Amino acid sequence: MRVLVVTAVPVERDAVTRAFGGAPESVALPGAELHRSGAFDVLAGGAGPAAAAAATAFALASAPYGLVVSAGIGGAFTPLTPLGSLVVASDIVAADLGADTPDGFLPVTALGFGRDRFAPPPALVREVAAATGATAGPVLTVSTATGTAERAAALLAAHPGALAEAMEGFGVAEAAARAEVPVLELRAVSNAVGPRDRDAWRIGDALAALGDAFGKTAPVLEGWNRHDDRHRG
């Protein structure tokens, strides 16, 4: 089974490909470069859900894939997910897709159209969490990274139980769903969601954790069967 891994930026892509060893093959795609290592194709698709969706769609049109993984670093709603830890999404949630009203946020589904979340295969989520030590829970996709305590509190109020936020997962999942390919999201925590304290960010540690996670995850993904997951989920 061939696996497509989509990150936002090249430094995340390179952290993933280093886990596979050797020099990856470069494959040109419209607006991007894909790095191929064995059964894994790793693509830096750009920041934000729109760029991620477009890049994923182009990649899915270029080759057959059995699984798509949105991967990278992200912010976490600590203390459940401390810096340097890993999160695997039980739900990939479009946290700010909807309408702001005097009575609070309304998701796009409450407006009568679209969808606001995707659920990765549950048995695969459990297996990846067990292999990597990741915590499983909802991961929010936002178009604007959170920079205040008030916004962090509002997100948790709207999405109780959320573990982390990033900017690409829902876009990757939307493209994967239209191609009828299952999706997974794996994040390494680089910072806390809330006030932007760059001195407290641990990007290097998070990138190292991301690479280590893919070293442990690769055998799980290569051996996974989407049809078996339906019976074990």
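A salt bridge here is a side-chain nitrogen of Lys or Arg within 4 Å of a carboxyl oxygen of Asp or Glu. By that criterion, the structure holds 8 salt bridges. Please keep in mind that this is a predicted model, where local features need pLDDT of at least 70, side-chain atom pairs count only at pLDDT 80 or more, and totals for chains, interfaces and linings use all residues. Residues are numbered from 1 along each chain as its sequence is written, and side-chain values use heavy atoms, with hydrogens and water left out.

## Salt bridges

Side chains of opposite charge can pair when their charged atoms come close. The table shows three of the pairs, including the distance between the closest N and O atoms.

| Pair | N to O distance |
|---|---|
| Arg-2 and Asp-41 | 2.9 Å |
| Arg-13 and Asp-14 | 3.1 Å |
| Arg-178 and Glu-174 | 3.5 Å |

The pair of Arg-2 and Asp-41 links distant parts of the chain, with the two positions 39 residues apart in numbering: Arg-2 sits in the segment before strand S1 (3-7), and Asp-41 sits in strand S4 (residues 40-44). Strands (E, at least two residues) and helices (H or I, at least four) are DSSP runs, numbered from the N terminus. Arg-2 and Asp-41 also belong to a network of salt bridges that takes in Arg-36.

How accessible are these partners? Accessibility is sorted into three classes: buried means under 20% relative accessible area, exposed over 50%, and partly exposed in between (1.4 Å probe, protein chains only). Arg-2 is partly exposed at 26%, whereas Asp-41 is buried at 0%. For the pair of Arg-13 and Asp-14, the arginine is the buried partner, as Arg-13 has a relative accessible area of 10% and Asp-14 is partly exposed at 26%.

Arg-178 and Glu-174 both lie in helix H5 (residues 169-178), 4 residues apart, which is about one turn of the helix. Arg-178 is exposed, with a relative accessible area of 70%, while Glu-174 is partly exposed at 23%.

## From H5 to strand S12

In the loop between H5 and S12 you will find Glu-180. Glu-180 has a positive phi of about 60° although it is not a glycine. This residue is exposed, with a relative accessible area of 63%.

Strand S12 covers residues 183-192 and contains Arg-187. Arg-187 is buried, with just 2% relative accessibility. Its side chain is joined to that of Glu-168 by a polar contact of 3.5 Å. Such a contact is a pair of N or O atoms within 3.5 Å; within protein, one must be able to donate a hydrogen and the other to accept it, and residues adjacent in sequence count only if both atoms are side-chain atoms.

Asn-191 is found in S12 too, and is buried at 16% relative accessible area. Asn-191 and Ala-71 are 120 residues apart in sequence, and their C-alpha atoms are 16 Å apart in space.

## Two loop threonines

Which threonine is buried and which is exposed? Thr-81, in the loop between strand S5 (67-76) and strand S6 (86-94), is buried with a relative accessible area of 1%. A polar atom of the Thr-81 side chain lies 3.1 Å from the backbone oxygen of Leu-163.

Thr-144 is in the loop between strand S10 (135-141) and helix H4 (149-158), and is exposed at 56% relative accessible area. The C-alpha atoms of Thr-144 and Ala-166 are 9.2 Å apart, with the two residues 22 apart along the chain.

## Helix H6

Helix H6 (residues 203-223) has 21 residues and reaches 30 Å from its first C-alpha to its last, close to the 30 Å expected at 1.5 Å a residue. The expected span is 1.5 Å times one less than the number of residues.

Where does H6 bend? The helix bends by about 40° at Thr-217, and Pro-219 follows within four residues. The bend is the angle between axes fitted to the seven residues ending at a position and the seven starting there. Thr-217 is one of the buried residues of H6, and among the others are Leu-207, Leu-210, Phe-214, Val-220 and Leu-221.

## A nonpolar surface patch

Leu-106, Leu-111 and Phe-113 make a nonpolar surface patch of about 260 Å². Patches are made of residues with over 30% relative accessible area and no salt bridge: like charges are joined within 9 Å, and nonpolar side chains (Val, Leu, Ile, Met, Phe, Trp, Tyr) within 5 Å. Accessible areas come from the Shrake-Rupley method with a 1.4 Å probe, and for residues only the protein chains shown count as cover. Leu-106 is located in strand S8 (residues 104-107) and is partly exposed, with a relative accessible area of 33%.
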